[in-house]
Amino acid sequence: MGHDNIPVSDSDWHARRMQRKRKRAPIGGFHYAAAESEGVPRAEVIDEDLTEDQQQNHNVMEAVDSSCVGQVEVEVPAANVDSGDRADSIMEAEGQTKDCVCNEQGRAEINRLLEENRLLRSQLQKTELNEHFLKDYTKKVRYYTGLLCYAVLMSLFNTVKDFLPVSKKLSGFQMLLLTLMLLRLDLPVQHLCHLFNVSHKTLSSIFADTIDVLYARLGALVHWPERHCLQATMPPHFTETFGKRVAIIVDCFEIRTERPSNLKARAQTYSHYKGTHTIKYLIGITPHRSISFISRGWGGMHQINTSQRNVAFFKSCYQGT
């Protein structure tokens, strides 16, 4: 079968050793050797336990042995026996050496595979959009999320993680990161689907659910501060230019939306200025750059005039004065 180099086992080596020992003894057997050493002729050595047939065979063998004395040497030379032992020892040593070499090669291959596995894991962590992707990279955090640093991002995640929906595709951190990236960079939905390896339907569902959680947990942070708080935190260049007359900075912005399927909503959200469907918001920012007011959304066709602003905005102004 091609297995010519199989190492000799201990049992085979022991069997051959015992066979060589038996070959070293004279033909007459152990009793003859012992008798000759004591000066007793071979013919006088008789085993009492032998039967008549065995005794006859014994006598015949004795006659043959006596007739062949000096003519045939049965004993195997000691040199051949020693060379056989050395050959077996050499074969056994070679087998052990091959085993050691195989074990060393196996350990080297295992170490190489482990190192390759660690390298691939580190490369995967650098490209996968998770906590390791943004950890210790402040520039990445600011670019993808708009937050100041990784600590602020993790603080936000710890605030909302218990309320995020369970997803089989993405972790809670990835759901938050996906939402912040879409708000910050306004990336195409299909591009985000490829980045996070999810379908369009799954991404839209995750984004809507995460937005609801963020509004419910962080909506209380948008509040109108008291006038003395505004004056205490007023930047110096505002105080030098406007004194204490500044309370809020007002702006209006539009967000592009998808085309509604409802005809009435489609007409209300279409903006002739932008040439697409939008929603408008009125936003108020304090001098130290915190958002203090966000109005309800209006369709792109509406003009946010004074009569529409004063319902909530001026009410907040009077409460803060």
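**Exercise 1. Helix H8**

Task: Find how far helix H8 (residues 172-185) reaches from its first C-alpha to its last, and set this against the expected span.

Solution.
- Step 1. Start with the assignment: helices (H or I, at least four residues) and strands (E, at least two) are DSSP runs, numbered from the N terminus.
- Step 2. H8 has 14 residues.
- Step 3. The expected span is 1.5 Å times one less than the number of residues. For H8 that gives 20 Å.
- Step 4. The reach of H8 from first C-alpha to last is 20 Å, close to the expected value.
- Step 5. Look just past the end of H8: Asp 186 takes a positive phi of about 55 degrees.

The model is predicted: local features need pLDDT of at least 70, side-chain atom pairs count only at pLDDT 80 or more, and totals for chains, interfaces and linings use all residues. Residues are numbered from 1 along each chain as its sequence is written, and side-chain values use heavy atoms, with hydrogens and water left out.

**Exercise 2. The surroundings of H8**

Task: Decide whether H8 is mostly covered or mostly open, and list what its buried residues pack against.

Solution.
- Step 1. Apply the cut-offs: buried means under 20% relative accessible area, exposed over 50%, partly exposed in between (1.4 Å probe, protein chains only).
- Step 2. In H8, 10 of the 14 residues are buried, so the helix is mostly covered.
- Step 3. Name them: Phe 173, Gln 174, Met 175, Leu 176, Leu 177, Leu 178, Thr 179, Leu 180, Met 181 and Leu 182.
- Step 4. Now look for contacts (heavy atoms within 4.5 Å). The buried residues of H8 pack against helices H5 (131-134), H6 (138-145), H7 (150-160), H9 (189-196) and H10 (200-218).
- Step 5. For background, take the whole protein. Of its 321 residues, 25% count as buried.

**Exercise 3. H8 against H10**

Task: Describe how the axes of H8 and H10 cross, and which residues meet.

Solution.
- Step 1. Axes are lines fitted to C-alpha atoms, for helices over the stretch in contact, and angles run from 0 to 180 degrees between N-to-C directions.
- Step 2. The axes of H8 and H10 come within 9 Å and cross at roughly 90 degrees.
- Step 3. That makes the two helices roughly perpendicular, a class that covers 65 to 115 degrees (under 35 is roughly parallel, over 145 roughly antiparallel, the rest oblique).
- Step 4. From H8 come Met 175, Leu 176, Leu 178, Thr 179, Leu 182 and Leu 183. From H10 come Leu 203, Ile 206, Phe 207, Thr 210, Ile 211 and Leu 214.
- Step 5. Sort them by class. Ala, Val, Leu, Ile, Met, Phe, Trp, Tyr, Cys and Pro count as nonpolar, Asp, Glu, Lys and Arg as charged, and the others, Gly among them, as polar. The contact has 10 nonpolar, two polar and no charged residues.

**Exercise 4. Salt bridges in H4**

Task: Find how many salt bridges the whole structure holds, and which residues form them.

Solution.
- Step 1. A salt bridge is a side-chain nitrogen of Lys or Arg within 4 Å of a carboxyl oxygen of Asp or Glu. The search finds three.
- Step 2. Arg 112 pairs with Glu 109, with the closest N and O atoms 2.7 Å apart. These two are three residues apart in helix H4 (residues 78-127), about one helical turn.
- Step 3. Arg 112 also pairs with Glu 116, at 3.4 Å. Here the spacing in H4 is four residues, again about one turn.
- Step 4. An α-helix has 3.6 residues a turn, so residues three or four places apart point the same way.
- Step 5. Check accessibility. Arg 112 is partly exposed at 43%, and Glu 109 is partly exposed at 37%. Glu 116 is partly exposed, at 37%.
- Step 6. Glu 115 and Arg 118 form a salt bridge at 2.7 Å, N to O. They too lie in H4, three residues apart, about one helical turn.
- Step 7. Shared partners join Glu 109, Arg 112 and Glu 116 into one network.

**Exercise 5. Ile 294**

Task: Locate Ile 294 and list what it touches.

Solution.
- Step 1. Ile 294 is found in strand S4 (residues 291-294).
- Step 2. Its relative accessibility is 44%, so Ile 294 is partly exposed.
- Step 3. Not counting residues up to four places away in sequence, Ile 294 touches Val 222, Tyr 281, Leu 282 and Ile 283.
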